[in-house]
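Thank you all for coming, and please have the sequence and the model open while I talk. I will go through the helices and how two of them pack, explaining the terms along the way.

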Amino acid sequence: MDRNDIDAFKNVEFRFKDIMSFDLEKAIKQWRSQLRKYKGFEDADIEELEDHLRSKIEELINTDTTEQEAFYAVISSDYHDLQKLSIQ
């Protein structure tokens with residue numbers, strides 16, 4: 001995931017900041033949409049990556065990290081280069 005992808009996720013959050021709190025399910029859905037832009041990801045790959053994402057988020061939430069902080073932490077550390085990941 002490149003910096004533009006991360007910024008796109010943050011922009012979505014800022015648009016809704018005054019209206020509603022961070023929605024993890026919506027953020028994950030948008031993240032999945034980003035993955036689909038890369039032809040190297042098949043549905044099974046996306047499912048596996050999402051399972052990993054959710055697991056890592058849960059680990060962070062259990063350490064008193066908010067859903068929002070956990071989501072951004074995982075995508076920026078584990079999925080910062082989707083282009084490279086899509087060809088592995």
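Let us begin with helix H2, where Leu24, Ala27, Ile28, Trp31, Arg32, Gln34 and Leu35 are buried, and by buried I mean under 20% relative accessible area, with exposed meaning over 50% and partly exposed in between, using a 1.4 Å probe and protein chains only. These buried residues cover an arc of only 155° around the axis, which puts them on the same side of H2; the arc is that of the directions from the helix axis to the C-beta atoms.

Before going further, I should say that this is a predicted model, in which local features need pLDDT of at least 70 and side-chain atom pairs count only at pLDDT 80 or more, while totals for chains, interfaces and linings use all residues. Residues are numbered from 1 along each chain as its sequence is written, and side-chain values use heavy atoms, with hydrogens and water left out.

As for the chain overall, it has five helices and zero strands, where helices (H or I, at least four residues) and strands (E, at least two) are DSSP runs, numbered from the N terminus. Of the 88 residues in the chain, buried ones make up 33%. If we take the contacts with a separation of 6 or more, residues 24 or more positions apart account for 57% of them, a contact being heavy atoms within 4.5 Å.

Coming back to the length of H2, its 13 residues should span 18 Å at 1.5 Å a residue, and its end C-alpha atoms are 19 Å apart, which agrees; the expected span is 1.5 Å times one less than the number of residues.

Next comes helix H3, residues 43-61, which has 19 residues and reaches 27 Å from its first C-alpha to its last, close to the 27 Å expected. Which residues of H3 are buried? They are Ile46, Leu49, Glu50, Leu53 and Ile57, and, seen down the axis of H3, they fall within an arc of 105°, so they line one face of the helix. It helps to remember that an α-helix has 3.6 residues a turn, so residues three or four places apart point the same way. On the other side of H3, Ala44, Glu48 and Asp51 are exposed.

I would like to pause on Glu50, which is buried with a relative accessible area of 10%. Not counting residues up to four places away in sequence, Glu50 touches Ile28, Trp31 and Arg32.

That leads to the packing of H2 against H3, at an angle of about 145° and with their axes 11 Å apart; axes here are lines fitted to C-alpha atoms, for helices over the stretch in contact, and angles run from 0 to 180 degrees between N-to-C directions. Among the residues making this contact are Leu24, Ile28 and Trp31 of H2, and Ile46, Leu49 and Glu50 of H3. By class, the contact has eight nonpolar, no polar and seven charged residues, where Ala, Val, Leu, Ile, Met, Phe, Trp, Tyr, Cys and Pro count as nonpolar, Asp, Glu, Lys and Arg as charged, and the others, Gly among them, as polar.

Between H3 and helix H4 (67-78) there is a loop that holds Asp64. Although Asp64 is not a glycine, it has a positive phi of about 70°, and at 73% relative accessibility Asp64 counts as exposed.

Finally, in H4 the buried residues are Ala70, Phe71, Tyr72, Val74 and Ile75. Tyr72, at 12% relative accessibility, counts as buried, and although Tyr72 and Ile57 are 15 residues apart in sequence, their C-alpha atoms are 9.1 Å apart in space.
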